[in-house]
Amino acid sequence: MLVKIPSVLNKEQVSEIKSIMLQADWTDGNVTAGYQSSQAKNNLQIPENSESARKLGDMILLALSRNNQFLSAALPNKIFPPLFNCYQGGHAFGTHVDNAIRQVPGTPVKVRTDLSMTLFISEPDEYEGGELVIEDTYGSQSIKFEAGDMVLYPSTSLHRVTPVTKGRRLASFFWLQSMVPSDERRSILYNMDMAIQALRQNLNDSPEIVQLTGVYHNLLRQWGQV
Ligand code: NI
């Protein structure tokens, strides 16, 4: 399931993050790539242990911790600290799959990458190309969202970033380990939660809604791993 999470950041937060990114030190994006993806990757990244990356990452994680749609769709268990990249002057990232397990730098914590995220920091009209193309169950999807919007997609998907032929594409990208590793089960829970929330707005808490909420939590109890 591929989910758009709109307005993770408001425009003020986007411009604050962008100005910090523009002042940061950058390095070759291959520092976090595995062998296969390093053959395909050509972009810049803010070093993951830098002060800028930590500060920016904390801003994003705080915003996500308050985003109900994200929490419902991802059911996050462990989130890898956000990384930041820049594509310009023909930079691209060919078709690859993200590493299955990532160790958080400087810690013994390992994160299984169930979901991949890209949070757009540049507006779509600031660059040409730079689409994130994701091979989904239903074919390939080309993603280029407004600044502040995020896409959440299964890390099992092959994906690529098309060459940025003009301007600069800034984004944050990272991964998470979900409490529900199966994409199929996670999608069922997400759809059910969305339906219950919509019903609750129209009907308040009828006994049936309370019962459905119980079913949701019982499924999560069956499928969730913490
Ligand atoms: Ni990737």
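Thr113 is buried in this predicted model, because its relative accessible area is 9%, and buried means under 20%. To find Thr113, look in the loop between strand E9 (110–112) and strand E10 (115–120). Leaving aside residues up to four places away in sequence, Thr113 touches Asn99, Ala100, Arg102, Ser155, Trp175 and Leu176.

Now look at the residues on each side of Thr113. Arg112 and Asp114 form a salt bridge, with their closest N and O atoms 2.8 Å apart. Asp114 is buried, with a relative accessible area of 9%, whereas Arg112 is partly exposed at 26%.

Next, let us visit the metal site. Which protein residues are donors of the nickel ion? They are His96 (NE2), Asp98 (OD) and His159 (NE2), lying 2.1 Å from the ion. Along the sequence, these donor residues follow the spacing H-x1-D-x60-H. The two histidines link distant parts of the chain: His96 belongs to strand E7 (residues 92–96) and His159 to strand E15 (residues 159–161), 63 residues apart. Are these histidines buried or exposed? His96 counts as buried because its relative accessibility is 3%, and His159 counts as buried because its value is 4%.

Both of those strands appear in an open sheet of 5 strands, ordered E3-E7-E15-E12-E13 with antiparallel pairing. At its edges are strand E3 (41–42) and strand E13 (139–143), each pairing on one side only. Further in, strand E12 (residues 132–136) runs antiparallel to E15, and 3 bridges join the two. Here you meet a nickel donor again: His159 in E15 is the bridge partner of Ile134.

Side chains link E12 and E15 too. Glu135 forms a salt bridge with Arg160, their closest N and O atoms being 3.5 Å apart. Glu135 lies in strand E12 and Arg160 in strand E15, so this pair ties together parts that are 25 residues apart in sequence. Glu135 is partly exposed at 33% relative accessibility, and Arg160 is partly exposed at 30%.

For a salt bridge within a helix, turn to helix H3 (residues 51–65). There, Arg54 and Glu51 are about one helical turn apart, because 3 residues separate them in sequence. Their closest N and O atoms are 3.8 Å apart. Glu51 is exposed at 59%, while Arg54 is partly exposed at 45%. The count of salt bridges comes to 8, and Lys11, Glu123 and Glu146 are linked in a network of them.

Finally, head to the surface. Leu199, Leu203 and Leu212 make a nonpolar patch of about 230 Å². Leu203 lies in helix H5 (residues 183–203).

Note on methods. Residues are numbered from 1 along each chain as its sequence is written. This is a predicted model: local features need pLDDT of at least 70, side-chain atom pairs count only at pLDDT 80 or more; totals for chains, interfaces and linings use all residues. Side-chain values use heavy atoms; hydrogens and water are left out. Patches are made of residues with over 30% relative accessible area and no salt bridge: like charges are joined within 9 Å, nonpolar side chains (Val, Leu, Ile, Met, Phe, Trp, Tyr) within 5 Å. Accessible areas come from the Shrake-Rupley method with a 1.4 Å probe; for residues, only the protein chains shown count as cover. A salt bridge is a side-chain nitrogen of Lys or Arg within 4 Å of a carboxyl oxygen of Asp or Glu. Helices (H or I, at least four residues) and strands (E, at least two) are DSSP runs, numbered from the N terminus. Donors are N, O and S atoms within 2.8 Å of the metal (3.2 Å for Na, K and Ca); water is not among the atoms, so sites may look incomplete. Buried means under 20% relative accessible area, exposed over 50%, partly exposed in between (1.4 Å probe, protein chains only). Two strands pair if DSSP finds at least two bridges between them. Contact means heavy atoms within 4.5 Å.
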